[in-house]
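This report describes the interior of one protein chain: its strands, its nonpolar cores and the empty spaces between its atoms. The sequence and the structure are shown first.

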Amino acid sequence: MSTRIAFLKGHGTENDFVIVPDPENALDLPTAAVAALCDRRAGIGGDGLLHVVRSAEHPEAQHMAGEAEWFMDYRNGDGSIAEMCGNGVRVFARYLQHAGHVTEGDLAVATRGGVKSVHIAKNGDVTVGMGKALLLEGDVTVSVGDRSWPARNVNMGNPHAVAFVDDLAHAGDLYSPPPFSPAAAYPSGVNVEFVVDRGPRHVAMRVHERGVGETRSCGTGACAVAVATARRDGTDPAATGSPATYTVDVPGGTLVITERADGEIEMTGPAVIVAEGEIDADWLESMVR
């Protein structure tokens, strides 16, 4: 390791990330190191970590290098690997712009959930093509205390259970993962969204992200919520031929989600770089011994 490792801090609707630029994939970032960096008391603090690598330099992304120069090697706050993070992609794109790798307009970002199309607008918002939602059949139930609700099983490249509730306070403190059944529905855990109505095509949500706890925002979760709400409302753009747009309030702000007639989902929201500095490599190495 070098003596110092560059990092940045960014957020998308207050879903915050440690950003570690590493174009040549030269850094060793084991689970314990990522968890230490994301620790809010003893580290930098973040819901997750964005490891910025050229696709051609990462074994998991080399097959996407022809489509996307950059790979978002995303890690949850506990250091575990995740397929995708919608807010993370927006912040990742903002970092690439901040570093001078890209400009306003369109670009592609490789993720474990596939190549994502991104548009950086002049007003600062970033739109991400999130792919298509997969609505899985089968009854799922989530619980908090003595309350239980049916949930919609939606996969956005990562798994979600969307439950409609009367009051967001019913989600509890969300420190621990809400129990769900059947266990076979989510063998690797699940992100759980609790949703209330705010108005026509306007909802609010809270989320427990697996491996993290409650976060201020979850991009894939907001997409899952928009799709689940549309179906609950009897709206399916594939059937109507018209896109459906939902506003989703999260604790950290607002995201706008559009499901197109072809099933592709677009998410628009802010992305901000708030700080940059250096990590003491000796400290980081000591955290993984």
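A residue is called buried when its relative accessible area is under 20%, and exposed when that value is over 50%. The model examined here is predicted. By the burial criterion, strand S5 (residues 105–111) is mostly covered, since five of its seven residues are buried.

**Strands S3 to S6**

S5 has partners in two strands. With strand S4 (residues 70–76) it runs parallel, and two bridges join the pair; Phe 71 has Ala 110 in S5 as its bridge partner. With S6 the arrangement is antiparallel and rests on seven bridges. In that pairing, Ala 108 stands opposite Ser 117 of S6. S5 and S6 form a hairpin, with two residues between them.

How is S4 placed with respect to the rest of the structure? Seven of the seven residues of S4 are buried, so this strand is largely enclosed by the rest of the structure. The burial extends to both faces of S4: Trp 70, Met 72, Tyr 74 and Asn 76 lie on one side, and Phe 71, Asp 73 and Arg 75 on the other. S4 is also joined to strand S3 (residues 48–54) by seven bridges, and these two strands run antiparallel. Val 52 of that pairing stands opposite Met 72 in S4.

**Nonpolar cores**

Met 72 appears again in the largest nonpolar core, which has 52 residues; Met 72, Met 205 and Ile 257 are those with the most contacts inside it. Helix H3 (residues 219–232) gives the most to this core, with eight residues. A second, separate core comprises 17 residues, among them Trp 149, Ala 161, Ala 163 and Leu 174.

The surroundings of Ile 257 can be listed in detail. Beyond its neighbours within four places in sequence, Ile 257 is in contact with Ala 222, Cys 223, Ala 226, Ala 244, Thr 245, Tyr 246, Val 248, Ile 265, Glu 266 and Met 267.

**Pockets and cavities**

Rolling a probe the size of a water molecule over the atoms shows where empty space is left. The structure holds two cavities of 30 Å³ or more. The volumes of the pockets and cavities are listed below.

| Space | Volume |
|---|---|
| Largest pocket | about 250 Å³ |
| Second largest pocket | about 190 Å³ |
| Largest cavity | about 90 Å³ |
| Second largest cavity | about 40 Å³ |

The largest pocket has a volume of about 250 Å³. Of the 15 residues that line this pocket, Pro 150, Ala 151, Arg 152, Asn 153 and Val 162 are the closest to its centre. Two or more lining residues come from each of strand S9 (140–144), strand S10 (147–155), strand S11 (159–164) and H3. S10 gives the most to this lining, with four residues. By class, the lining of the largest pocket has seven nonpolar, three polar and five charged residues.

The second largest pocket, of about 190 Å³, is also lined by 15 residues; Ser 117, Val 128, Gly 129, Arg 260 and Glu 266 are the closest to its centre. Strand S6 (114–120), strand S7 (126–132) and strand S18 (264–269) each give two or more residues to its lining. That lining divides into five nonpolar, five polar and five charged residues. Ser 117, which stands opposite Ala 108, and Glu 266, which is in contact with Ile 257, were both described above.

Which residues line the largest cavity? The lining consists of Tyr 74, Asn 76, Ala 82, Glu 83, Met 84, Cys 85, Asn 158, Asn 191, Glu 209, Arg 210, Cys 218 and Thr 220. Five of these lining residues are nonpolar, four are polar and three are charged. Tyr 74 and Asn 76 are buried residues on one face of S4.

The second largest cavity is lined by Ala 226, Val 227, Ala 230, Ala 244, Thr 245, Tyr 246, Ile 257, Thr 258 and Glu 259. H3, strand S16 (244–250) and strand S17 (253–259) each supply at least two residues of this lining. Its class composition is six nonpolar, two polar and one charged. Ile 257 thus borders this cavity, and Ile 257 is also among the residues with the most contacts inside the largest nonpolar core.

Key. Residues are numbered from 1 along each chain as its sequence is written. This is a predicted model: local features need pLDDT of at least 70, side-chain atom pairs count only at pLDDT 80 or more; totals for chains, interfaces and linings use all residues. Side-chain values use heavy atoms; hydrogens and water are left out. A nonpolar core is a set of buried Ala, Val, Leu, Ile, Met, Phe, Trp, Tyr and Cys residues joined through side-chain atoms within 4.5 Å. Buried means under 20% relative accessible area, exposed over 50%, partly exposed in between (1.4 Å probe, protein chains only). Contact means heavy atoms within 4.5 Å. On a 1 Å grid over the protein atoms alone, a cavity is a set of points where a 1.4 Å probe fits but cannot get out, and a pocket is an open set with protein on both sides within 12 Å along at least five of seven lines; lining residues have an atom within 4 Å of a point. Grid points are joined across faces, edges and corners, and a volume is the space filled by probe spheres set on the points. Ala, Val, Leu, Ile, Met, Phe, Trp, Tyr, Cys and Pro count as nonpolar, Asp, Glu, Lys and Arg as charged, and the others, Gly among them, as polar. Two strands pair if DSSP finds at least two bridges between them.
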